[in-house]
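Biologist: Could you pick one spot in this protein and take me through it slowly, then show me how it fits with the rest? I'm a first-year, so plain words please.

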Amino acid sequence: QVQLVESGGGLVQAGGSLRLSCAASGRTFNRYHMGWFRQAPGKEREFVAAISWSGGSPYYADSVKGRFTISRDNAKNTVYLQMNSLKPEDTAVYYCAARGGPYSDYGMAVRYDYWGQGTQVTVSS
């Protein structure tokens with residue numbers, strides 16, 4: 001079992017940056033692939049970024065490519081999402097998620113086994 005706790009959300013002006021963190025409990029963090037998803041009011045949860053258990057093969061949604069960077073520190077049981085050049089349309093609750101098994105279908109929320117409670121990111125124009 002893995003418990004996930006996100007932090008680092010907040011209010012930022014357009015063009016600004018935020019760094020989200022997701023701390024995981026348990027000794028087997030380095031066995032899980034990790035993902036970030038987001039959900040805006042009235043919209044479905046959408047994929048943002050994913051990273052494999054080893055820290056390689058990051059993938060990004062087209063909407064954040066070139067602006068967001070996912071990384072992880074297995075020694076600290078933490079995954080990060082560095083968000084630069086933020087836009088108002090990035091406003092959402094951001095969730096981190098963990099999954100075992102093969103590193104495939106990384107963009108599908110149903111493939112993830114564990115979820116955090118979410119952290120609010122609000123980008124003002």
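Modeller: Let's start at Ser21. Leaving out residues up to four places away in sequence, Ser21 touches Val5, Glu6, Ser7, Trp36, Thr78, Val79 and Tyr80. Keep in mind that this is a predicted model. Ser21 sits in strand β3. Is Ser21 buried or exposed? Its relative accessible area is 19%, and the cut-off for buried is under 20%, so Ser21 counts as buried.

Strand β3 also brings us to a disulfide. How many of those does the structure hold? The answer is one. Its partners are Cys22 and Cys96, with sulfur atoms 1.9 Å apart. The link between Cys22 and Cys96 is right-handed, with 45 degrees about the S-S bond. Cys22 belongs to strand β3 (residues 18–24) and Cys96 to strand β9 (residues 92–99), so this pair ties together parts of the chain that are 74 residues apart in sequence. What about the accessibility of the two cysteines? Cys22 is at 0% relative accessibility, so it is buried. Cys96 is at 0% as well, and it counts as buried too.

From Cys22 we can step over to Met34, since Cys22 is one of the residues that Met34 touches. Met34 is found in strand β4, which covers residues 33–39. With a relative accessible area of 0%, Met34 is buried. Which residues does Met34 touch, not counting those up to four places away in sequence? Apart from Cys22, they are Leu4, Phe29, Ala49, Ala50, Ile51, Ile70, Arg72, Val79, Ala97, Ala98 and Tyr112. Take Leu4 from that list: Leu4 and Met34 are 30 residues apart in sequence, and their C-alpha atoms are 11 Å apart in space.

Another name in Met34's list is Ile51, so let's follow that lead. Ile51 is in strand β5, residues 46–51, and with a relative accessible area of 2% it is buried. Its contacts beyond four places in sequence are His33, Met34, Gly56, Ser57, Pro58, Ile70, Ser71, Arg72, Val79 and Tyr103. How far is Ile51 from Ile70, C-alpha to C-alpha? The distance is 6.8 Å, and the two are 19 residues apart along the sequence. Look out for Val79 as you compare lists: it turns up among the contacts of Ser21, of Met34 and of Ile51.

Now for some loops. Asn77 is in the loop between β7 (68–73) and β8 (78–83). Its phi is near 55 degrees, a positive value in a residue other than glycine. Asn77 has a relative accessible area of 19%, which makes it buried. Asp105 gives us another positive phi, about 50 degrees, although it is not a glycine. You'll find Asp105 in the loop between β9 and β10 (114–115). Asp105 is partly exposed, at 35% relative accessible area.

Val64 is also a loop residue, placed between β6 (59–60) and β7. Is Val64 buried or exposed? At 1% relative accessibility, it counts as buried. Leaving aside neighbours within four places in sequence, Val64 is in contact with Arg38 and Val48. Val64 and Trp36 are 28 residues apart along the chain, with C-alpha atoms separated by 11 Å. You met Trp36 earlier, as one of the residues that Ser21 touches.

Finally, let's zoom out. The protein chain has 11 strands and zero helices. Of its 125 residues, 42% count as buried. A compact globule with that many residues would have a radius of gyration near 14 Å, and the chain's 13 Å agrees. Along its principal axes, the C-alpha trace spans about 40 × 25 × 25 Å. What share of the contacts between residues at least 6 apart in sequence joins residues at least 24 apart? It is 59%. As for the surface, the chain exposes about 6400 Å², and carbon and sulfur atoms supply 46% of that. The chain also carries 13 positive and 9 negative side chains, with the centres of the two sets 6 Å apart.

Definitions and conventions
Residues are numbered from 1 along each chain as its sequence is written. This is a predicted model: local features need pLDDT of at least 70, side-chain atom pairs count only at pLDDT 80 or more; totals for chains, interfaces and linings use all residues. Side-chain values use heavy atoms; hydrogens and water are left out. Helices (H or I, at least four residues) and strands (E, at least two) are DSSP runs, numbered from the N terminus. The radius of gyration is taken over C-alpha atoms; the globule rule is 2.2 Å times the number of residues to the power 0.38. Buried means under 20% relative accessible area, exposed over 50%, partly exposed in between (1.4 Å probe, protein chains only). Contact means heavy atoms within 4.5 Å. Accessible areas come from the Shrake-Rupley method with a 1.4 Å probe; for residues, only the protein chains shown count as cover. Lys and Arg count as positive and Asp and Glu as negative; His and the chain ends are not counted. The place of a charge is taken as NZ of Lys, CZ of Arg, CG of Asp or CD of Glu. A disulfide is a pair of cysteine sulfur atoms within 2.5 Å.
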